[in-house]
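Hi,

Here is the structure I said I would pass on. Have a look at it first, and then read my notes below.

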Amino acid sequence: MWWPSSLVQVSLFRALHEKDNNRMSRGKFFLIALVCSFSFYIVPGYLFMTIGTISWICWLYPKSITAQQIGSGMRGLGIGSLSLDWSVIASYLGSPLISPFFAIVNITVGFMLIMYVVLPTAYWGFNLYNAKNFAIFSKNLFDDNGQIYNVTAIVNDKFEIDMPAYEQQGHVNLSVFFSLTYGIGFAGVISTITHVALFHGSSLTYEILIHLKHHISPPLKSSCFQHISQWLGNYTKVPNIFSIITCKP
């Protein structure tokens with residue numbers, strides 16, 4: 001097993017340390033690419049940040065909240081938004097020059113489903129968790145009126161929650177996008193078990209059976225299977241227990 005990102009590090013180390021008698025050495029090419037990359041990125045990243053997300057829909061309808069939610073590349077769905085900043089274009093992929101094609105397709109399909117199917121349906125279709133009271137895309141906390149939540153007003157000097165103050169100020173609310181990403185993040189952790197079971201379950205079972213057949217005597221097989229199941233059970237129970245304890249309000 002190998003990780004594609006490791007190959008980039010290997011190529012970098014080879015460029016910096018190997019001797020090359022070609023017309024342009026790898027180290028020189030790396031230095032030129034580094035200077036060019038920095039020179040270009042300083043424009044959208046520092047000097048002229050507007051070209052990072054060119055949202056022409058927001059220019060046409062500057063007073064429309066719905067247009068801002070649909071067309072904004074920073075605080076909305078980014079439909080029709082253009083960008084000249086490579087870090088913005090590949091923000092959800094990491095680096096498409098490193099990842100395999102199947103991984104890029106998998107991430108892209110998931111991104112499209114969440115951003116352009118699930119999120120608009122939850123926000124405009126079902127008004128999930130009173131989503132229309134808050135921003136569609138935000139990491140901030142909100143009160144019931146859609147204003148930024150004053151967290152300092154509900155904690156005491158020991159940084160513990162003050163329940164009377166909390167009940168007076170109201171519940172803490174998240175944007176629908178932040179709520180969905182929280183849920184999907186927890187589901188993604190559990191999905192690793194399902195992924196291993198579906199894609200590698202048969203090979204793992206085969207290797208375990210072969211190992212037990214050749215290295216364990218018959219009287220010990222039943223007890224060995226029992227211990228394996230206990231270990232696997234404890235391995236899944238302990239993280240779940242700690243997760244419940246740490247996340248319990």
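A quick definition before the notes: helices (H or I, at least four residues) and strands (E, at least two) are DSSP runs, numbered from the N terminus. With that in hand, you can place Asn-130, which sits in the loop between α6 and β1. Please keep in mind that this is a predicted model.

The overall layout

The protein chain has nine helices and two strands. Going along the sequence, you will meet them in the pattern α-α-α-α-α-α-β-α-β-α-α. The chain has 249 residues, and 20% of them count as buried.

Helix α2

This helix covers residues 26-47, 22 residues in total. At 1.5 Å a residue it should span 32 Å, and its end C-alpha atoms are 30 Å apart, so the two agree. Still, α2 bends by about 35° at Tyr-41. A proline, Pro-44, follows that bend within four residues.

Helix α6 and a nonpolar patch

Which residues make the nonpolar surface patch of about 770 Å²? They are Ile-79, Phe-101, Val-105, Val-109, Met-112, Leu-113, Tyr-116, Val-117 and Val-118. Take Tyr-116 as an example: it lies in helix α6, which runs over residues 101-125. Tyr-116 counts as partly exposed because its relative accessibility is 32%, and partly exposed means between the 20% and 50% cut-offs. As a general point, an α-helix has 3.6 residues a turn, so residues three or four places apart point the same way.

The loop after α6

Two residues caught my eye here. Tyr-129, in the loop between α6 and β1 (141-142), has a positive phi of about 55° although it is not a glycine. Asn-130 is in the loop between α6 and β1 too, and its phi is near 55°, again a positive value in a residue other than glycine. Are these two buried or exposed? Tyr-129 is exposed, because its relative accessible area is 59%, while Asn-130 is partly exposed at 46%.

Cysteines

How many disulfides does the structure hold? Zero. For anyone who wants the background, a disulfide is a covalent bond between the sulfur atoms of two cysteines. As for the cysteines I looked at, Cys-36 is partly exposed, with a relative accessible area of 48%. Cys-58, at 10% relative accessibility, counts as buried, since buried means under 20%.

Cheers

Conventions
Residues are numbered from 1 along each chain as its sequence is written. This is a predicted model: local features need pLDDT of at least 70, side-chain atom pairs count only at pLDDT 80 or more; totals for chains, interfaces and linings use all residues. Side-chain values use heavy atoms; hydrogens and water are left out. Patches are made of residues with over 30% relative accessible area and no salt bridge: like charges are joined within 9 Å, nonpolar side chains (Val, Leu, Ile, Met, Phe, Trp, Tyr) within 5 Å. Accessible areas come from the Shrake-Rupley method with a 1.4 Å probe; for residues, only the protein chains shown count as cover. A salt bridge is a side-chain nitrogen of Lys or Arg within 4 Å of a carboxyl oxygen of Asp or Glu. Buried means under 20% relative accessible area, exposed over 50%, partly exposed in between (1.4 Å probe, protein chains only). A disulfide is a pair of cysteine sulfur atoms within 2.5 Å. The expected span of a helix is 1.5 Å times one less than its number of residues. The bend at a residue is the angle between axes fitted to the seven residues ending there and the seven starting there.
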